[in-house]
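Work through the exercises below with the model open beside you. Try each task before you read its solution.

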Amino acid sequence: MRSDPGMTAYRLRPLQVGDVGWIAHRQGLLYAQEYGWDITFEALVAEIASQFVQNRDPVKENAWIAEIDDQVVGSVFLVKVSDGIAKLRLLYVEPHARGLGIGQRLTAECIAFARAQGYKTLTLWTNDILHAARRIYQAAGFRLVAEDKHHSFGHYLVGQNWDLDLL
C-alpha cells in the first residue's frame, strides 16, 4: 500500500479472475474516448491479456493491478520474449487516478521484476501520441529505438519501440 500525506492511497496486487475482461473493457473505452480509437484496439488488448493468462510462465512473467478502495485503477503486464528479453505490455491508469505516481510505480515494478529474473533488455511498443506514457518510459531510462507509421485502430499512427538495458 502506498500512502503519502495528502495523496490518495493505492495498492498493487496480482492478476485475479475478472481482471482480463475489465482491462480490455476499460482500455477499449478509454482509448476510444481519449483518442478516437476503434474496437480493434479493445480486441488487441483482450488478445494480449488472454495470451498472457493462457501461456504464462509464472517464474518469468507477471502482471500488477493497481487499486484504490478495491477498485481497479491501472495495470501492467510483463511478458517473456526470449531468455534475455522481456516486454512491458498494456500499461494504463484510469483518468481519475492519474498524477498519483501509479504509472511510474507499475513501470518500476516491471523493471525490478525483469532485473530479478535476469533479463538483459526490457522492451515495449507504444504510439507517439501517448505522451504521458512516453514521459514515464523516458524517466525510467527507456530509449526510443525505432518508429514506424501504421494504420491501426481506425487511425494513422506512429508506432514506437523503446528499450531499456537492464545490465
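The exercises cover one helix, the salt bridges, a buried acid and the nonpolar core.

This is a predicted model, where local features need pLDDT of at least 70, side-chain atom pairs count only at pLDDT 80 or more, and totals for chains, interfaces and linings use all residues. Residues are numbered from 1 along each chain as its sequence is written, and side-chain values use heavy atoms, with hydrogens and water left out.

**Exercise 1. Check the span of helix H1 against its end C-alpha atoms.**

Step 1. Helices (H or I, at least four residues) and strands (E, at least two) are DSSP runs, numbered from the N terminus. H1 covers residues 19–35, which is 17 residues.

Step 2. The expected span is 1.5 Å times one less than the number of residues. That gives 24 Å for H1.

Step 3. The end C-alpha atoms of H1 are 23 Å apart, so the two values agree.

Step 4. Look just past the helix. Glycine 36 has a positive phi of about 75 degrees there.

**Exercise 2. Find which residues of H1 are buried and what they pack against.**

Step 1. Apply the cut-offs: buried is under 20% relative accessible area, exposed is over 50%, and partly exposed lies in between (1.4 Å probe, protein chains only).

Step 2. The buried set is Asp19, Ile23, Ala24, Arg26, Gln27, Gly28, Leu30 and Tyr31.

Step 3. Search for contacts (heavy atoms within 4.5 Å). The buried residues of H1 pack against helix H2 (39–55) and strands E1 (11–13), E2 (62–68), E3 (71–80) and E4 (85–93).

Step 4. Inspect the arginine. Arginine 26 counts as buried because its relative accessibility is 16%. Leaving out residues up to four places away in sequence, arginine 26 touches Tyr92 and Glu94.

**Exercise 3. Examine the salt bridges of the whole structure.**

Step 1. Set the criterion: a side-chain nitrogen of Lys or Arg within 4 Å of a carboxyl oxygen of Asp or Glu. The search returns 7 salt bridges.

Step 2. Arginine 11 and glutamate 67 form one, at 2.7 Å from N to O. This pair links strand E1 to strand E2, 56 residues apart. Glutamate 67 is buried at 6%, whereas arginine 11 is partly exposed at 31%.

Step 3. Arginine 98 pairs with glutamate 34, with the closest N and O atoms 2.9 Å apart. Arginine 98 sits in the loop between E4 and helix H3 (102–116) and glutamate 34 in H1, so the bridge ties together parts 64 residues apart in sequence.

Step 4. Glutamate 109 and arginine 105 meet at 3.1 Å, N to O. Both lie in H3, 4 residues apart, about one turn of the helix. Salt bridges with shared partners also join Arg11, Arg13, Asp19 and Glu67 into one network.

**Exercise 4. Which side chain of opposite charge is nearest to the buried aspartate 163?**

Step 1. Assign charges: Lys and Arg are positive, Asp and Glu negative; His and the chain ends are not counted.

Step 2. Arginine 143 is the nearest opposite charge, 4.2 Å away, and aspartate 163 has no salt bridge.

Step 3. Check polar contacts (N or O atoms within 3.5 Å; within protein, one must be able to donate a hydrogen and the other to accept it, and residues adjacent in sequence count only if both atoms are side-chain atoms). The side chains of aspartate 163 and threonine 123 make one at 2.8 Å.

Step 4. Place the residue: aspartate 163 belongs to strand E7 (residues 155–165).

**Exercise 5. Which residues touch the most other members of the largest nonpolar core?**

Step 1. Build the core from buried Ala, Val, Leu, Ile, Met, Phe, Trp, Tyr and Cys residues joined through side-chain atoms within 4.5 Å. The largest one has 50 residues.

Step 2. Leu78, Leu88, Ile102, Leu106, Leu122, Tyr137 and Phe142 touch the most other members.

Step 3. Take leucine 106. Beyond four places in sequence, its contacts include Leu12, Trp64, Val76 and Leu91.
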